[in-house]
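Here is a friendly walk through one protein model. Keep the viewer open and follow along as the pieces are introduced.

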Amino acid sequence: MTAPLSHYFIYTGHNSYLTGNQLNSESSTVPIIAALKNGVRVIELDIWPNSAGDDIKVYHGRTLTAPVPFIECLKFIREHAFVATEYPLVVTLEDHLTSELQAKAAEMITQTLKDVLFTSLECLEEFPSPEALKGKILLSTKPPKEYLYSKGFDEEKKDSCENETPCEEVIDDKTEKQVIEDKNDMDAEDSDQLEDSSGESEDTDSSEDKSSCSLGVHKYKSLIAIHAKKHKAGLTTSLKLDPSKVERLSLSEQQLEKGAENHGTELVRFTQRNLLRIYPKGTRFNSSNYNPLIGWMHGAQMVAFNMQGYGKRLAVMQGLFRSNGGCGYVKKPDLLLRTDEGNKVFNPKGKLPVKTCLKVRVYMGDGWRSDFKPTHFDTYSPPDFYVKVHIVGVPADAKKRKTKYLEDTWTPVWDKEFTFPLTVPDLAILRLEARDYDKGEKDDFAGQTCLPVRELRPGIRTVPLYDREGTKLKSTKLLVRFEFV
């Protein structure tokens with residue numbers, strides 16, 4: 001845990017305040033607390049002015065999601081930040097605030113987080129390690145501009161930025177009309193400094209107000225430990241390395257997929273020193289998620305996921321971060337961190353030799369009779385269980401296998417072995433899913449687990465299964481043997 005932050009995958013949430021879908025669910029501190037208790041180490045907050053323009057609220061802009069006060073989020077973050085792990089927490093802010101409210105945000109942050117807040121007077125030349133940052137909270141957003149009320153602002157604010165919500169803008173008050181732009185490509189953490197809610201020009205504002213506001217903005221900027229850079233003018237420009245500083249870049253899942261086609265090695269090189277955050281496309285209104293392996297195999301540290309629901313991809317994310325004691329930080333494979341003699345880095349498209357083979361023998365399963373009602377799977381007979389055995393990993397390693405289903409038994413014995421050749425075992429996740437076979441209907445879900453291959457211990461093991469929501473079933477387990485050859 002003594003390498004720079006950029007050397008780790010970090011357990012990252014997206015829109016961490018939402019209780020459900022991305023369009024009209026409630027904003028609350030409850031999902032923030034739940035994420036922190038589960039070991040999530042990056043919390044995301046969208047901060048906006050309230051209707052009066054004198055306070056700060058958190059909600060998903062351009063939607064009907066109900067807001068929650070920013071100060072409440074800060075208080076609960078401070079209270080629960082280190083209940084699961086003492087390693088650092090990063091709070092990313094999507095800042096849609098006016099200059100005055102940025103000053104107010106700075107006061108809220110310093111008064112609430114106090115001594116646990118990590119700050120740096122200048123942009124970091126190298127990220128500190130998780131060990132060095134134990135017990136600290138770091139803020140990350142795009143630093144505001146030092147000047148205010150520029151006459152050229154109207155032209156500058158037309159810069160295109162990232163897009164997290166392509167849906168139609170929902171505006172319910174006059175203040176928001178002045179700070180929200182109907183852009184097709186907007187992520188406020190990368191948007192330019194917003195003008196004040198009064199809309200008055202430089203000529204009509206008093207110098208005293210400007211001076212006070214400028215000091216507040218300067219203080220706000222000083223609290224930002226991880227600077228976010230703007231992504232524009234093409235990925236080649238955004239991925240240029242600056243030896244004098246390290247930053248964070250955000251890309252949508254589509255931008256990453258497109259960039260991976262032609263800039264795979266540049267992405268890997270960028271993430272050796274800098275942080276890369278990937279976020280879900282805006283059309284995932286139901287809070288679904290994307291394939292995290294695309295980000296991980298290119299070195300992206302912050303693969304941001306919606307934690308509000310469930311699904312296979314979220315289970316894979318949870319599986320990876322069971323590594324390393326569940327502390328929210330997992331060291332990246334050496335191949336993503338090293339350069340060879342010709343200063344070349346890992347090419348995600350390149351062919352790699354098989355490094356090891358994992359043998360998985362699924363002996364039997366038991367415990368369903370205790371965890372489920374007798375009629376849960378089949379009304380008139382015992383269930384017909386089978387097990388899917390998948391490797392989720394780089395394309396060369398991804399494989400799907402399954403046992404045969406066994407009819408009418410609560411204690412199935414399959415005794416079936418599968419062999420998986422692995423080129424990058426450090427990025428491989430073993431997914432075991434039990435189902436009840438139903439002829440002519442969708443097979444019933446009977447439990448699953450995702451296990452990081454890098455932490456599997458050889459030998460015969462009992463493997464607990466989890467329900468769809470990620471809660472461990474009390475009794476249901478599989479008896480499995482793991483062997484590396």
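Let's begin with helix H3, residues 99-113: its 15 residues reach 21 Å from the first C-alpha to the last, close to the 21 Å expected at 1.5 Å a residue. Please keep in mind that this is a predicted model. Many residues of H3 are buried, including Leu101, Ala105, Met108, Ile109 and Leu113. Just after the helix comes lysine 114, whose phi is positive, near 50 degrees.

Now step to the other end of H3. Histidine 96 sits in the loop between strand S5 (89-95) and H3. Is this histidine buried or exposed? With a relative accessibility of 5%, histidine 96 counts as buried, because the cut-off for buried is under 20%. Its C-alpha atom is separated by 5.1 Å from that of tryptophan 48, although the two residues are 48 apart along the chain.

**Strand S5 and its partners**

Strand S5 is mostly covered, with seven of its seven residues buried. In a regular strand, side chains alternate between the two faces of the sheet. Here both faces of S5 are covered: Leu89, Val91, Leu93 and Asp95 are buried on one side, and Val90, Thr92 and Glu94 on the other. S5 pairs with strand S2 (residues 42-49) in the parallel sense, and its pairing with strand S7 (residues 137-141) is parallel as well. Strand S10 (residues 275-279) and strand S11 (302-303) also pair in the parallel sense. The table sets these pairings side by side.

| Strand pair | Bridges | Residues that stand opposite |
|---|---|---|
| S2 and S5 | six bridges | leucine 45 and leucine 93 |
| S5 and S7 | four bridges | valine 91 and leucine 139 |
| S10 and S11 | two bridges | arginine 277 and methionine 302 |

**What fills the interior**

In soluble globular proteins, nonpolar side chains tend to be buried together. The largest nonpolar core in this model has 70 residues, and Ile43, Leu45, Phe70, Ile109 and Trp296 touch the most other members. H3 gives this core its largest share, six residues. A second, separate core of 29 residues includes Phe377, Trp414, Phe420 and Leu422.

What does leucine 45 contact, leaving aside its neighbours within four places in sequence? Among its contacts are Tyr17, Ile32, Val58, Phe70, Cys73 and Ile77, together with Val91, Thr92, Leu93 and Glu94.

**Helix H8 and a three-stranded sheet**

Strands S9, S10 and S11 form an open sheet in that order, with parallel pairing. Its edge strands are S9 (248-252) and S11 (302-303), each pairing on one side only.

Next, look at helix H8 (residues 253-262), where Glu253, Leu256, Gly259 and Ala260 are buried. Seen down the axis of H8, these residues fall within an arc of 125 degrees, so they line one face of the helix. The face turned away from that buried side carries the exposed residues Lys258, Glu261 and Asn262. The cover over the buried residues of H8 includes helices H7 (235-238), H9 (264-271) and H10 (292-296), as well as strands S9 and S10.

**The whole chain**

Stepping back, the chain contains twelve helices and 20 strands. Buried residues make up 55% of its 485 residues. Among contacts between residues at least 6 apart in sequence, 75% join residues at least 24 apart. The accessible surface comes to about 21100 Å², and carbon and sulfur atoms account for 48% of it.

How values were computed:
Residues are numbered from 1 along each chain as its sequence is written. This is a predicted model: local features need pLDDT of at least 70, side-chain atom pairs count only at pLDDT 80 or more; totals for chains, interfaces and linings use all residues. Side-chain values use heavy atoms; hydrogens and water are left out. Buried means under 20% relative accessible area, exposed over 50%, partly exposed in between (1.4 Å probe, protein chains only). Contact means heavy atoms within 4.5 Å. Accessible areas come from the Shrake-Rupley method with a 1.4 Å probe; for residues, only the protein chains shown count as cover. Two strands pair if DSSP finds at least two bridges between them. The arc is that of the directions from the helix axis to the C-beta atoms. The expected span of a helix is 1.5 Å times one less than its number of residues. A nonpolar core is a set of buried Ala, Val, Leu, Ile, Met, Phe, Trp, Tyr and Cys residues joined through side-chain atoms within 4.5 Å.
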